[in-house]
Amino acid sequence: MKVAIVGGGVIGLCVAHYLKRGGAEVVLLERGRVGGGCSEGNGGWVCPSISRPLPAPGLTLTSLRWLLRSDSPLYIKPAALPRLTGWLWAFRSHCNADSYAKGVAALAGLNAETDRLYRGLAADGVEFEQAEAGTILAHDDEAELEQVAGLLAKLGEDRVGTVDVLDREALAEAEPDLQGNLIGLHMRGDTHVRPESLCAGLAASLEARGVRIIAGVEVAGFARDGRRVRAALPTRPALGPIEADVFVIAAGAEAAVLTATLGRKLPVQAGKGYSITVQNARARLSQPLHVAPAKIGFTPFRGALRMIGTMEFSGMNLRLDPRRIALLERAARRYLPGALDGTARVDWVGMRPVTPDGLPAIGRLPGLPNVWVATGHQMLGVTLAPSTGWALAQQILEGHSDIDLAPFDPERFG
């Protein structure tokens, strides 16, 4: 079976990895640099313990108006509202306890094999930076911490690993540079990777095993024979049509544009995330840390510290808004002084793919028997990439999957 994958981020690369391992002939098309989109500058957290849908109970029309403020952690640009109204209304319909509970359970099921699969990637010879230090969620509100601890307890230790409650003294001992007199939860089972190294390692492994990777080429559409797609049509004429038996659209926030060329609507919006990476930062952390009051995350890498946060809906663009970077800077100065002091700095923005229910779309595109999609992973792409790739490869090659993909079926959008 020959499979053409459109999208060379961490999701597309993992799909390619497991398809190739299953015996398929694979070609991968990426419009930019492989691993250079949303997969490049994110926090790299592998965090089954805090994998949750983005729409949560309690979002009201009043809070939606608050989201129009540019200094809000979750910001909706007013100029984008006309295009987003329908999507936002669908998003709000999932901001209830029932949808949230079902989403948490679905993501827990998708995450059931995450640890095993990441260990398998290393065993398969994929080289990448990884650390097994766990993750800390830091809070200033005891009731909020207890609520999160209760949710983790419901999921069970077999799914989220051991969770330790850290009082102020214990958290200060664990992370001496952290300020704010906070309390926290330590998820021992979480790990983190350097996402750039993961994508580079996957790409190198794929090419060494004979996968053809074509970077710097955009797919303008597809050629069809009735209900079946025959070829992807790149914008570089010299390449000619890329023919295959099966096509996988794993192009992140741009997946909706590609499915539209096939007459299928996929409600994926670009949720822009920002990060600041400082080389040899003066501040030190021993593990990833999320500061709930500021909604900012920190990830320590070898020789670098990355600050991550904010979600911005402003359409398909990579404009870097300095006001969003300023939010990260203010939080960093307050909670981790010295985080911005280092030998070099890179500011980054990327487009996360977000669906109205906050769950990824993984499965066959309705009405097109040989076209599959894998997108909509919001802020969980690195966490869910191996399980997405493994489960989708099983579906394509064997007709079934060990992971229940029903909650992620693209057909749920109609």
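Helix α12 (residues 381-398) lies across β14, β20 and β21 in this predicted model. The direction of α12 makes about 170° with that of β21.

**The sheet and its helices**

The three strands under α12 belong to an open sheet of six strands, in the order β10-β2-β1-β14-β21-β20, with mixed pairing. The edges are held by β10 (212-215) and β20 (361-364); each has a single partner strand, so one side of each is left without a neighbour in the sheet. On average, neighbouring strands of this sheet are turned by 15° against each other, direction ignored.

Strands of a sheet pair through backbone hydrogen bonds, and the pairing can be parallel or antiparallel. Here, β14 and strand β21 (residues 371-375) run parallel and are joined by three bridges. Within this pair, F247 stands opposite V371 in β21.

Helix α1 (residues 10-21) also packs on the sheet, where it touches β1 (2-6), β2 (25-30), β14 and β21. The angle between the directions of α1 and β2 is about 170°.

Two packed helices are described by the angle between their axes and the distance between the axes. For α1 and helix α9 (residues 195-208), the axes come within 10 Å and cross at roughly 35°. This crossing of α1 and α9 is left-handed. On the α1 side the contact involves V10, L13, C14, A16 and H17, which meet L198, C199, L202, A203 and L206 in α9.

**The hairpin of β11 and β12**

Strands β11 and β12 (residues 228-234) pair in the antiparallel sense over six bridges. F222 stands opposite A232 in β12. The hairpin has two residues between the strands, and G226 takes a positive phi near 65°.

**Aromatic rings**

How many aromatic pairs does the structure hold? There are four. One of them is formed by W87 and F91, which are stacked, at 5.4 Å centre to centre with 25° between the planes. Both residues lie in helix α3 (residues 81-93), four residues apart, or about one turn of the helix. W87 counts as buried because its relative accessibility is 6%, under the 20% limit. F91, with a relative accessible area of 6%, is buried too.

The rings of F222 and F247 have centres 6.1 Å apart and planes at 80°, so this pair is edge-to-face. F222 lies in strand β11 (residues 219-225) and F247 in strand β14 (residues 246-249), so the pair ties together parts that are 25 residues apart in sequence. Are these two residues buried or exposed? F222 is buried, with a relative accessible area of 13%, and F247 is buried as well, at 1% relative accessibility.

Ring pairs also link W87, F91 and F313 into a cluster.

**Charges over rings**

Two arginines lie over the faces of tryptophan rings, as listed here.

| Arginine | Ring | Distance from the ring centre |
|---|---|---|
| R92 | W89 | 5.6 Å |
| R116 | W390 | 4.8 Å |

**Links between the parts**

Some residues and elements appear in several of these descriptions. F247 stands opposite V371 in the parallel pair of strands, and the ring of F247 also pairs with that of F222. F222 in turn stands opposite A232 in β12. Strand β14 is touched by α1, and α12 lies across β14 too.

Notes. Residues are numbered from 1 along each chain as its sequence is written. This is a predicted model: local features need pLDDT of at least 70, side-chain atom pairs count only at pLDDT 80 or more; totals for chains, interfaces and linings use all residues. Side-chain values use heavy atoms; hydrogens and water are left out. Rings of Phe, Tyr and Trp (its six-membered ring) pair if their centres lie within 6.5 Å; planes under 30 degrees apart count as stacked, over 60 as edge-to-face and the rest as tilted. Buried means under 20% relative accessible area, exposed over 50%, partly exposed in between (1.4 Å probe, protein chains only). A charge sits over a ring if NZ of Lys or CZ of Arg is within 6 Å of the ring centre and within 35 degrees of the ring normal. Two strands pair if DSSP finds at least two bridges between them. Axes are lines fitted to C-alpha atoms, for helices over the stretch in contact, and angles run from 0 to 180 degrees between N-to-C directions. Contact means heavy atoms within 4.5 Å. A crossing is left-handed if the near helix is turned anticlockwise from the far one by less than a right angle, and right-handed if clockwise.
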